[in-house]
Amino acid sequence: MATVTKIRGAISGFGEVGARAHLPGWRTRENINISVVHDPISERRHEAIRLIKSVRVYDDLGLMLDGESPDFVDIASPPAYHAESVRAALEAGAHVLVEKPLCLTLREFDELAALAAEKSRVLMCVHNWKYAPAYAAARRAIESGRVGAIRFISIDRLRVEPAGAGGSGAKWRGSASSGGGILIDHGWHILYLMQWLLGGEAPSEVSAYLETAAGGDAENVADLRLAFPSGCVGRAHLSWRAAVRRTSAVISGERALLEIESDRVTLTSRNGSVADLSVADVADDSYHSAWFGAMAVEFERAIVDGPDSRAVRDNLAEARAAVAAIEAARSFTGSNRMSIKIF
């Protein structure tokens with residue numbers, strides 16, 4: 001009987017997301033072997049040793065890449081390190097899956113995408129909210145034609161504080177030097193979700209209102225308005241200063257209105273009929289390891305299909321448009337909308 005050669009993966013950045021979302025997700029894949037972890041912080045390397053039998057740990061990414069030559073690297077470090085880590089992994093000949101954001105600037109993105117193409121390696125970003133049951137149900141309703149052409153889409157993310165408050169996660173989220181800010185932490189999800197729900201259409205214009213906490217240097221409130229070439233208007237409100245935690249969306253089409261409130265999905269047709277499209281989510285924690293498991297399936301398939309596969313192209317298009325919109329929103333200072341060129 002032939003022995004199946006497993007795909008050898010390494011995790012770079014073993015904080016809460018790496019340990020509590022990515023690792024459990026990879027463990028659902030029989031053909032994936034995670035036995036190498038890189039993290040410069042000793043406590044996180046010790047956590048990897050505790051969680052992974054016979055794991056090999058490194059405090060230096062270059063040494064890990066040279067010593068292990070992994071088939072792929074899963075990058076889950078703070079955003080400020082993403083571009084440098086992606087570049088190093090691609091140069092070493094590894095495929096790369098990177099937590100959002102893929103990088104922080106359009107220049108970085110274009111350089112990394114070109115390098116991945118040159119090396120014939122898969123480069124993808126973790127767009128795990130597409131696997132949230134509520135948004136997957138909304139996408140199915142749209143694809144079925146029940147909603148009709150979408151004219152307006154609104155997504156709100158209200159939080160009373162940044163994720164990981166009191167821990168290391170809150171430190172990078174609240175610091176611009178670490179690549180933090182609510183546009184990166186929640187805005188990235190909002191932007192790729194809008195594109196995905198619109199069938200891959202990227203925004204052409206964006207306007208923004210941003211607030212920064214006293215003494216801070218990264219936005220903690222963001223209100224966005226987006227225009228899409230089809231005529232659809234997008235809106236998003238993101239806050240770390242809300243009185244309550246809430247995740248909601250409204251998608252208005254020619255034929256029906258879709259409303260998402262946490263896990264509940266309701267479709268109200270033009271004739272007034274109401275359908276409950278909710279799908280119960282699997283038991284999970286706030287790190288959504290089950291959603292990452294679905295993302296791991298997509299990445300594993302992409303490695304087999306190659307860097308020019310539809311999944312890779314779509315993922316990179318979503319990521320490029322997201323970084324372009326965030327970059328434009330952060331440079332917005334006037335009262336008129338700024339035009340952003342995505343492609």
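A residue is taken as buried when its relative accessible area is under 20%. In this predicted model, that description fits Trp129 and Tyr135 alike, and Trp129 makes a handy starting point for a look at the aromatic residues.

Six aromatic pairs occur in the structure. In one of them, Trp129 and Tyr135, the ring centres are 5.8 Å apart and the planes meet at 80 degrees, so the pair is edge-to-face; planes over 60 degrees apart fall in that class. Trp129 also pairs with Trp291: here the centres are 4.8 Å apart and the planes are at 70 degrees, so this pair too is edge-to-face. Trp291 is buried, as is Trp129. Because Trp129 lies in the loop between strand E6 (123-125) and helix H6 (133-143), while Trp291 belongs to helix H9 (residues 289-305), the contact ties together parts that are 162 residues apart in sequence. Trp129 has a charged neighbour as well: the charged end of Arg157 sits over its ring, 3.9 Å from the centre.

Helix H9 itself deserves a closer look. With 17 residues at 1.5 Å a residue, H9 should span 24 Å, and this agrees with the 24 Å between its end C-alpha atoms. Its buried residues include Trp291, Phe292 and Phe299, along with Glu298 and Glu300. Phe292 and Phe299 join Trp26 and Phe72 in one aromatic cluster. Just after H9 comes Gly306, with a positive phi of about 105 degrees.

Notes: Residues are numbered from 1 along each chain as its sequence is written. This is a predicted model: local features need pLDDT of at least 70, side-chain atom pairs count only at pLDDT 80 or more; totals for chains, interfaces and linings use all residues. Side-chain values use heavy atoms; hydrogens and water are left out. Rings of Phe, Tyr and Trp (its six-membered ring) pair if their centres lie within 6.5 Å; planes under 30 degrees apart count as stacked, over 60 as edge-to-face and the rest as tilted. Buried means under 20% relative accessible area, exposed over 50%, partly exposed in between (1.4 Å probe, protein chains only). Helices (H or I, at least four residues) and strands (E, at least two) are DSSP runs, numbered from the N terminus. A charge sits over a ring if NZ of Lys or CZ of Arg is within 6 Å of the ring centre and within 35 degrees of the ring normal. The expected span of a helix is 1.5 Å times one less than its number of residues.
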